[in-house]
Amino acid sequence: MTDFTTSISDQAKTLQPFRVMKILGEAKALEQAGRDIIHMEIGEPDFESLESVHTAVKNALDQGKTHYTPTLGLPELRQKLSAFYASFYHAKVKSENIMLTPGSSSALQLALTALLNPEDKVLMSDPTYPCNRQFVQLLHGQLVLLPVDADSNYQLTLSHLQTHWQEGIKVVMVASPANPSGTVIEQDELIKMAKFAATKNAYFLVDEIYQGLVYERPPESILSHSSLPENVIVINSFSKFFNMTGWRLGWLVAPSHLMSVLERLGQNLFLSAPTPSQYGALRVLDSDALTLLEERRKIFENRRNTLFQAMEKAGIAPSILPQGAFYLYWDVSNYTDDSEQFCSRLLAETGVALTPGTDFGTYKANRHVRLAYTTTEDQLKKAVQKISAFIETSTL
């Protein structure tokens with residue numbers, strides 16, 4: 001009998017899984033068996049999408065608005081996003097430079113597909129969001145992973161680019177705030193990095209999907225700079241700040257010279273973003289909805305402070321208080337050199353679910369874990385007590 005498994009592409013065979021999904025599956029199984037689980041593994045707000053979004057989508061469905069939209073998205077949503085950039089970020093972004101996509105992952109896929117030829121190099125940090133690496137590999141690009149740690153807030157810097165630049169780099173990818181660290185790159189540093197990349201004829205791709213979820217600072221976008229070079233692409237999403245994860249709607253902002261190719265790619269890859277989701281997004285950008293989202297942002301800020309302070313009190317605090325997102329990236333090298341085993345045992349013995357650093361790269365990944373503060377403050381305090389007791393009593 002023919003073995004058809006041999007016909008699977010080499011790229012598909014080498015694609016790495018999300019380890020967090022393995023932890024999530026184990027956690028769900030324990031819950032079904034009657035265990036109490038504290039979920040701090042998955043990168044998703046625990047809030048439901050706003051009721052006003054639900055109502056807007058129901059109204060759209062009742063009016064028969066279920067057909068394809070233009071590939072670039074509903075014109076009124078693109079215009080509303082342009083106005084949102086003006087009011088929220090003080091940025092001048094033309095609606096014709098905005099494209100709606102089925103989630104920000106599709107925006108990332110579109111941007112990289114538009115830019116990369118086989119063997120083109122893409123520079124990014126290690127650690128970074130896993131799909132960044134996987135998409136480059138699927139497109140037969142070359143990864144240039146720069147190790148970063150707490151000394152640079154787990155972020156790339158201008159100095160990194162200047163010191164480690166290589167011939168053949170086509171794209172530099174950064175995220176601010178970042179997953180898994182929650183840290184930001186300051187705006188003046190971002191623009192310097194973009195301009196440096198421009199001198200090397202490279203694009204500068206900025207993941208801003210956690211912008212809006214920043215603490216003790218105003219929300220910022222690189223797009224607010226008036227002297228922005230023509231190499232900057234921004235990816236964003238309605239998932240995190242807007243609490244619309246399951247609606248699968250993102251967007252990108254790109255220079256004018258890329259919009260026609262992005263549109264052609266979108267026509268072929270997904271035709272258009274989900275229509276009901278776009279009508280929900282129109283509503284979530286209204287001022288009253290943004291007011292409710294600001295209240296939720298404050299809740300995340302309180303959770304961050306509660307979690308960090310509890311870990312400080314227990315003597316196990318991370319070295320960096322993140323400025324955004326809803327993650328802490330914790331160096332556990334004092335306790336283990338195997339973050340996957342650490343997370344697996346922690347879950348089995350205490351019911352606390354965390355994500356191993358190996359999901360996000362290779363550099364010191366076995367020494368780090370990610371904590372998501374996407375649960376209540378009481379649960380976060382309880383989790384810290386359990387983690388602290390686990391460290392004190394277990395033989396790691």
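Mentor: A nonpolar core is a set of buried Ala, Val, Leu, Ile, Met, Phe, Trp, Tyr and Cys residues joined through side-chain atoms within 4.5 Å. The model discussed here is predicted.

Trainee: Which residues touch the most other members of the largest nonpolar core?

Mentor: The largest nonpolar core has 123 residues. Its largest share, seven residues, comes from H11. The members that touch the most others are Phe 204, Ile 222, Phe 238, Phe 242, Trp 330 and Leu 371.

Trainee: Which residues does Phe 238 touch, not counting residues up to four places away in sequence?

Mentor: Phe 238 is one of the core residues that touch the most other members. With residues up to four places away in sequence not counted, Phe 238 touches Leu 77, Leu 81, Leu 100, Asn 243, Met 244, Leu 249, Gly 250, Trp 251, Ala 281, Val 284 and Leu 285.
Leu 100 falls within strand S2 (98-101), and the contacts with Gly 250 and Trp 251 fall within strand S8 (250-253).

Trainee: Which strands stand at the edges of the seven-stranded sheet, and why is one side of each left without a neighbour?

Mentor: The sheet is open and mixed, in the order S2-S8-S7-S6-S5-S3-S4. Its twist averages 20 degrees from one strand to the next. Each edge strand has a single partner, so one side has no neighbour in the sheet; these strands are S2 (98-101) and S4 (142-147).

Trainee: Which residue in S4 stands opposite Met 124?

Mentor: Strand S3 (residues 121-126) pairs with S4 in the parallel sense over six bridges. The residue of S4 opposite Met 124 is Leu 145.

Trainee: At about what angle does helix H6 run to S4?

Mentor: Helix H5 (residues 104-115) lies across S2, S5, S6, S7 and S8, at about 160 degrees to S7. Helix H6 (residues 130-138) lies across S3, S4 and S5, and its angle to S4 is about 155 degrees.

Trainee: In the three-stranded sheet, what is the bridge partner of Tyr 329 in S12?

Mentor: This open sheet is antiparallel, in the order S9-S12-S11. S9 and strand S12 (residues 368-372) pair over five bridges. Helix H11 (residues 287-314) packs on the sheet, touching S9 and S12, at about 20 degrees to S9. The partner of Tyr 329 in S12 is Arg 370.

Trainee: Is Thr 358 buried or exposed?

Mentor: Thr 358 lies in the loop between S11 and S12. Its contacts include Arg 19, Ser 339 and Glu 340. Its relative accessibility is 16%, and the cut-off for burial is under 20%. Thr 358 therefore counts as buried.

Key: Residues numbered from 1 in each chain as written. Predicted model: local features only at pLDDT ≥ 70, side-chain atom pairs only at ≥ 80, totals over all residues. Heavy atoms only, no water. Pairing = 2+ DSSP bridges. Helix = DSSP H or I, 4+ residues; strand = E, 2+ residues; numbered from the N terminus. Axes fitted to C-alpha atoms, helices over the stretch in contact; angles between N-to-C directions. Contact = heavy atoms within 4.5 Å. Buried < 20%, exposed > 50% of the residue type's maximum accessible area, 1.4 Å probe, protein only.
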